[in-house]
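Please look over the sequence and the model below before reading on. The paragraphs that follow take up its cysteines, its aromatic rings and a pair of helices in turn.

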Amino acid sequence: ECMPDDPHAVSHSLDPKTSAAIIARLEARGQDAVFQSTFRAYFPQLLGCQHVLEVGCGTGVIVRALAREANFNGRITATDQSHAFLEAAERLAEREGGGDRITFSLRDAATDHADLQADGVDAILMHTLLSHTTEPAKVLAAARSVSTPGHTRLIVMDGDYGSLTYAHGADPEFGRRMDAALMRSVFAMPDVVRCLPELLAQTGWRYTGHSSQCVSEMGGDASYWVSFGEAYVPRLKAAKLFQDEEVDRWWEAQRSAVERGTFFAACSYYVVDSVAAA
């Protein structure tokens, strides 16, 4: 089921204030050690690549980090549908260095990428992209259009957001409803990883393996899930699934839990590897 409220799915048409809030979230997430562990785990697979394509690059956190890797000597094409995100990505890449190895391109993830095929693509990244798309099969098929059978690798990293949860406190039923509302407000396809083996087979990819990790924070040392909440509580209010006062009370309880050292939040993430089928 596709959820209707995902701001990333319509990032090309967001108002400036919402775009700025998401850009800030993407950059804050990119500095978080927990998040960095999710992409540095697959970086060794990319070091020998001559051309890497990231579809749905956002502000370019991952491609900027890859370009700075000492043992990566290739070039990178990074695409996104949001002009605002790409403006930020280009500015930050120029400031940090390595931007001369990255070509940013404005395009929808579901459009054909065949114009890139002449350059050859060794690996394609989709990092927390498919959960924000309304038609993941079209996105995977578009990536297949630029791939060389038996050679091009696809790395999909995404969350199983049906597992996303914050501590439920004294009212578990309210907590479960809030988890579900947050999932609905942020992700177009929150359960897409559960369908991924079938989607890959349908779109010309051969599954080759996966890894998983639970991204969790507990006690008073919390950053990843705190910045997540701060970025998306406004979307939760906009979805009108709860009264604003209820959302404020819930988020204040989460912030208070951090201060008391009793915070909890978690979600399962997967890195799924495949290769273009012959």
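How far is the sulfur of Cys214 from the closest cysteine sulfur, and in which residue does that closest sulfur lie? The model is a predicted one, and in it the closest cysteine sulfur to that of Cys214 belongs to Cys267, at 7.7 Å, which is too far for a bond. A disulfide would require the two sulfur atoms to lie within 2.5 Å. Cys214 itself is partly exposed, with a relative accessibility of 48%.

The search of the whole structure gives the wider picture, since zero disulfides are found. Cys49, accordingly, is in no disulfide, and the nearest cysteine sulfur to its own, that of Cys57, is 17 Å away. Cys49 is buried, its relative accessible area being 8%.

The aromatic residues come next. A search of the whole structure finds 15 aromatic pairs, and one of them joins Phe35 to Phe39 in an edge-to-face arrangement, with 5.6 Å from centre to centre and 70° between the planes. The two residues both belong to helix α2, which covers residues 33-40, and because they are four residues apart there, about one helical turn separates them. Phe35 counts as buried at 2% relative accessibility, and Phe39 is likewise buried, with a relative accessible area of 1%. Phe39 also pairs with Phe43: the ring centres are 5.2 Å apart and the planes stand at 45°, so this pair is tilted. Phe43, like Phe39, is buried.

Elsewhere in the sequence, a set of aromatic residues forms one cluster, made up of Tyr161, Tyr166, Phe187, Tyr224, Trp225, Phe228, Tyr232, Trp250, Trp251, Phe263 and Tyr269. One member of this cluster, Tyr224, also has a charged residue over its ring, for Arg25 lies over the face of Tyr224 at 5.2 Å from the ring centre.

Finally, the reader may turn to two helices, α5 with residues 136-144 and α7 with residues 192-202, which pack at an angle of about 45° with their axes 11 Å apart. That angle makes α5 oblique to α7, because angles under 35 degrees would count as roughly parallel and those from 65 to 115 as roughly perpendicular. As for its handedness, the crossing of α5 and α7 is right-handed.

Terms used. Residues numbered from 1 in each chain as written. Predicted model: local features only at pLDDT ≥ 70, side-chain atom pairs only at ≥ 80, totals over all residues. Heavy atoms only, no water. Phe/Tyr/Trp six-rings, centres within 6.5 Å; stacked < 30°, edge-to-face > 60°. Buried < 20%, exposed > 50% of the residue type's maximum accessible area, 1.4 Å probe, protein only. Lys NZ or Arg CZ within 6 Å of the ring centre and 35° of its normal. Axes fitted to C-alpha atoms, helices over the stretch in contact; angles between N-to-C directions. Parallel < 35°, antiparallel > 145°, perpendicular 65-115°, else oblique. Left-handed = near helix turned anticlockwise from the far one by under 90°.
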